[in-house]
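Hi,

Here is the structure I said I'd pass on to you. Have a look around in the viewer, then read my notes below.

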Amino acid sequence: MMHPAIPIVLISLLISFLGEDSKPPPEKPAPPQENVVLLPDADGKTGALTVTTPSGAIVLDRPYAGADVFARGRVEGREHDADTVQKRYAAALGARPPAPVSFTVYFVFGREELTADSLALFDRIRAELATRPAPELVVTGHTDRVGAVAYNDALSLKRAETVRDVLVSAGIKAGQISTAGRGEREPAVPTADEVPEPRNRRVEITVR
Amino acid sequence: MIKIANGAVTIERSGEKHPATPGARIEAGDRVVTGRDSSVGITLRDNTLLSAGSDSVLVIDKFLFNSTTHAGEIDASVKRGSLSVISGKIARQSPESVRFRTPNAILGVRGTSFVIDVGDGETVQ
């Protein structure tokens, strides 16, 4: 089974407000009021984050790079380590919803019927649904680049609705399913316009 | 949509408090509040994942998402407490349209790459 590898940017914030009576004595430097830490994505890559205040800006682009924001908007960079971040933000990180997982299904050529391989994914989809809190299915149709954009938008939505109907007849509740049509915007295999490409005529079923 | 709620979590909407239980929908303008030893996990329609720790206040100021074009906008504020964010489809399509605010700073999310795996019929995005 594949591990979900999701390109993501993870940021986490902690804001600690100081009450009037908990102001530090003047001889000690005031602690930052807010901390921001960039985390690595689940796939090991790291995105980027800009932290902007009225008096400055910092770009974070390495794992565990952080920004400390002080009163009146002063902002300073600070490196963190993974263990400290995991502990400090344990509650927020522990409540992260499960990452969405997608399955791609295909039609038998020229018919409104899914291929046998596609139907074989339904058990895995049901298994994913069973493990998740308040599960939803998002069914998104795609086309190749033959035809106009507007035509492909309509066609991709029709494909998604066909798959939704198959899912419902397989026993999945209609109320859990939403549909979308991406048209030709997101080809699995990039092609020039007007090129027929069966691998791009597909429907993506995302469980989240 | 609320996916995970531990302890005391409420959604404040138009001055009324609603319990934040898994399956509850989140709307633009909602204020999500966690109590002591509480936490909440939220999946937005563009697959952005938000989760807040205890004693936190998160406001979804704006959320727009077009599931055909992936155009959209997210404006969210952390008023208090802790939040973890995994950005979603809007940040991938138009990162300049995603902003997280704290009382003193504005965070801009940028630079995620888009990946599709085609192979055994499963793509993970």
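Below is what turned up when I went through it, starting with how far to trust it.

First thing to know: this is a predicted model. Its overall scores are ipTM 0.86 and pTM 0.86. Chain B has an average pLDDT of 86, and 88% of the residues score at least 70. Watch out for residues 113–125 of chain B, though, where the pLDDT is below 50; even so, the model gives this stretch 31 contacts beyond near neighbours in sequence. Where pLDDT is low, don't read the predicted coordinates in detail.

Now for chain A. How many helices and strands does chain A have? The count is five helices and 10 strands. Of the 208 residues in chain A, 36% are buried. If you take the contacts in chain A with a separation of 6 or more, 60% of them join residues 24 or more positions apart. The chain is split into domain 1 (10–94) and domain 2 (101–207), and the C-alpha centres of these two domains lie 40 Å apart.

Helix H2 of chain A covers residues 90–94, and A:Ala90 belongs to it. Is A:Ala90 buried or exposed? The label is "partly exposed", because 13 other C-beta atoms lie within 10 Å, and that label sits between buried (20 or more) and exposed (12 or fewer). From A:Ala90 to A:Gly66 is 24 residues in sequence and 17 Å in space, C-alpha to C-alpha.

The sheet in chain A is worth some time. This is an open sheet of four strands, in the order E7-E10-E8-E9, with mixed pairing. At the edges you'll find strand E7 (101–106) and strand E9 (177–181) of chain A, each pairing on one side only. On average, neighbouring strands in this sheet are turned by 20° against each other, ignoring direction.

Try following E10 of chain A (residues 202–207). E10(A) pairs with E8 of chain A (residues 137–142) in the antiparallel sense, over six bridges, and there A:Leu137 has A:Val207 as its bridge partner. Two helices pack on this sheet. Helix H4 (residues 122–131) of chain A touches E7 and E10 of chain A, and its direction makes about 25° with that of E10(A). Helix H5 (residues 149–169) of chain A touches E7, E8, E9 and E10 of chain A, and makes about 155° with the direction of E9(A).

E7(A) also pairs with E10(A) in the antiparallel sense over six bridges, and A:Tyr106 is matched with A:Arg202. Why call E10(A) largely enclosed by the rest of the structure? Because six of its six residues are buried. In a regular strand, side chains alternate between the two faces of the sheet. Here, A:Arg202, A:Glu204 and A:Thr206 point one way from E10(A), while A:Val203, A:Ile205 and A:Val207 point the other way, and all are buried.

Last, the cores. In the largest nonpolar core, of 49 residues, the ones touching the most other members are A:Val51, B:Val32, B:Val40, B:Leu50 and B:Ala52. Strand E8 (residues 72–86) of chain B gives this core its largest share, six residues. Another core lies apart from it, with 14 residues, including A:Phe103, A:Val138, A:Val163 and A:Ala180. Back in chain B, what does B:Val32 touch, leaving aside neighbours within four places in sequence? The contacts are B:Val9, B:Ile11, B:Ala20, B:Val40, B:Ala52 and B:Leu58.

Cheers

How values were computed
Residues are numbered from 1 along each chain as its sequence is written. Chains are lettered from A and ligands numbered from 1 in the order in which they are written. This is a predicted model: local features need pLDDT of at least 70, side-chain atom pairs count only at pLDDT 80 or more; totals for chains, interfaces and linings use all residues. Domain bounds come from an automatic or database domain assignment. A nonpolar core is a set of buried Ala, Val, Leu, Ile, Met, Phe, Trp, Tyr and Cys residues joined through C-beta atoms within 7 Å. Two residues are in contact if their C-beta atoms, placed from the backbone, lie within 7 Å. pLDDT is the predictor's confidence in each residue, from 0 to 100. Two strands pair if DSSP finds at least two bridges between them. Axes are lines fitted to C-alpha atoms, for helices over the stretch in contact, and angles run from 0 to 180 degrees between N-to-C directions.
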